[in-house]
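Here are a few exercises to work through with the model open in your viewer. Try each task before you read its solution.

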Amino acid sequence: MNMVNHRFEIVDKAAFRNGMSRLGSAVNVVTTRSGGKRYGFTASAVCSVSDTPPTLLVCVNRASSCFHAFENTRHFCVNTLMPGQEDISERFGGKTPAEDRFALGDWRDGLTGAPILANSSVSFECELSNTVDEATHRIFFGRVIDIRENEARATLLYCMRRYLAG
């Protein structure tokens, strides 16, 4: 059989989501400032792309309530949460209005004005370098222009639909 010409069936949404739940990842709150307002969402789809130049990617659902702010910004920050910050993850991952999401945590302005969580495990402040649309999401590529690390170096992880300390 010629595999190049063979079309495979794709798995269904439920099977895919169950499989992906086993792919543990750091819990991040991605933030930006647009029109003088702060916006953010919880993301596990964050990945290193290159160290030359330092670049990472973030996947944003185009149907999310804060997508418009991210599609119109040049800068964003990936704030990796620490154990004990599950409430911040829930606040940014739920249906909380954008203006109320920043009520939890110690938020500061970064070099670009993007909100930075002062006591996150690590924060990567980025300048947008490229975007790609794929299915329901837009992939944002960001050149890292500043990194702030917490000395505790602990990271909040999410796997099997629950939080873990890492």
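**Exercise 1. A tryptophan and its ring partners**

Work out whether W107 is buried or exposed, and find the rings it pairs with.

Step 1. Keep in mind that this is a predicted model. The relative accessible area of W107 is 11%. Buried means under 20%, so W107 counts as buried.

Step 2. Now go to F92, which comes out at 2% relative accessibility and is therefore buried.

Step 3. Ring pairs join W107, F92 and F102 into a cluster.

**Exercise 2. Classifying an aromatic pair**

Take the rings of F41 and F70: which class of pair do they form?

Step 1. You need two numbers here, as a pair of aromatic rings is described by the distance of the centres and the angle of the planes. The count for this model comes to six aromatic pairs.

Step 2. For F41 and F70, the centres are 5.1 Å apart and the planes sit at 80 degrees, so this pair is edge-to-face. The cut-off that matters for that label is an angle over 60 degrees.

Step 3. Next, place the two rings on the chain. F41 belongs to strand β3 and F70 to helix α2 (residues 67–71), so to speak two distant parts of the chain, 29 residues apart.

Step 4. Check the burial of each partner. F41 has 9% relative accessibility, so it is buried; F70, at 2%, is buried as well.

Step 5. For practice, try F92 and W107: with 5.5 Å centre to centre and 50 degrees between the planes, this pair is tilted. F92 is in helix α3 and W107 in strand β7 (residues 107–109), so the pair ties together parts 15 residues apart in sequence.

**Exercise 3. Two buried polar residues**

Find what the side chains of T32 and N79 make polar contacts with.

Step 1. Start with T32, in strand β2 (residues 28–34). Its relative accessible area is 0%, so T32 is buried.

Step 2. Look for the partner of T32: its side chain makes a polar contact of 2.9 Å with the side chain of T73. Beyond the residues within four places in sequence, T32 is in contact with a set of residues including K37, Y39, F70, H75 and P115.

Step 3. Move on to N79 in strand β6 (residues 75–80). N79 also has 0% relative accessibility, so it counts as buried.

Step 4. The side chain of N79 has a 3.4 Å polar contact with the side chain of T31. A polar atom of the N79 side chain also lies 3.0 Å from the backbone nitrogen of L117.

Step 5. Fill in the surroundings of N79. Leaving out residues up to four places away in sequence, N79 touches V27, W107, I116, S120 and V122, among others.

**Exercise 4. Unusual backbone geometry**

Which peptide bond is cis, and where do A135 and M160 lie?

Step 1. Recall the usual case: most residues other than glycine have a negative phi, and most peptide bonds are trans.

Step 2. The cis peptide bond joins T52 and P53, with omega at about -5 degrees. P53 is in the loop between β4 (46–51) and β5.

Step 3. A135, not a glycine, has a positive phi of about 55 degrees. A135 is in the loop between β9 (122–134) and β10, and it counts as exposed because its relative accessibility is 61%.

Step 4. M160 also has a positive phi of about 55 degrees without being a glycine. Look for M160 in the loop between β11 (156–159) and β12 (162–165). With a relative accessible area of 34%, M160 is partly exposed.

**Exercise 5. The largest pocket**

Describe the lining of the largest pocket: how many residues form it, and which elements supply at least two of them?

Step 1. The volume of the largest pocket is about 1,600 Å³.

Step 2. Its lining has 37 residues, and R17, T42, S44, A45 and H137 lie nearest the centre.

Step 3. The elements that each give at least two lining residues are α1 (13–20), β1 (25–26), β3 (37–43), β5 (54–61), α3 (86–93) and β10 (137–149).

Step 4. Sort the lining by residue type: 17 are nonpolar, 13 polar and seven charged.

Methods:
Residues are numbered from 1 along each chain as its sequence is written. This is a predicted model: local features need pLDDT of at least 70, side-chain atom pairs count only at pLDDT 80 or more; totals for chains, interfaces and linings use all residues. Side-chain values use heavy atoms; hydrogens and water are left out. On a 1 Å grid over the protein atoms alone, a cavity is a set of points where a 1.4 Å probe fits but cannot get out, and a pocket is an open set with protein on both sides within 12 Å along at least five of seven lines; lining residues have an atom within 4 Å of a point. Grid points are joined across faces, edges and corners, and a volume is the space filled by probe spheres set on the points. Helices (H or I, at least four residues) and strands (E, at least two) are DSSP runs, numbered from the N terminus. Ala, Val, Leu, Ile, Met, Phe, Trp, Tyr, Cys and Pro count as nonpolar, Asp, Glu, Lys and Arg as charged, and the others, Gly among them, as polar. Buried means under 20% relative accessible area, exposed over 50%, partly exposed in between (1.4 Å probe, protein chains only). A polar contact is a pair of N or O atoms within 3.5 Å; within protein, one must be able to donate a hydrogen and the other to accept it, and residues adjacent in sequence count only if both atoms are side-chain atoms. Contact means heavy atoms within 4.5 Å. Rings of Phe, Tyr and Trp (its six-membered ring) pair if their centres lie within 6.5 Å; planes under 30 degrees apart count as stacked, over 60 as edge-to-face and the rest as tilted.
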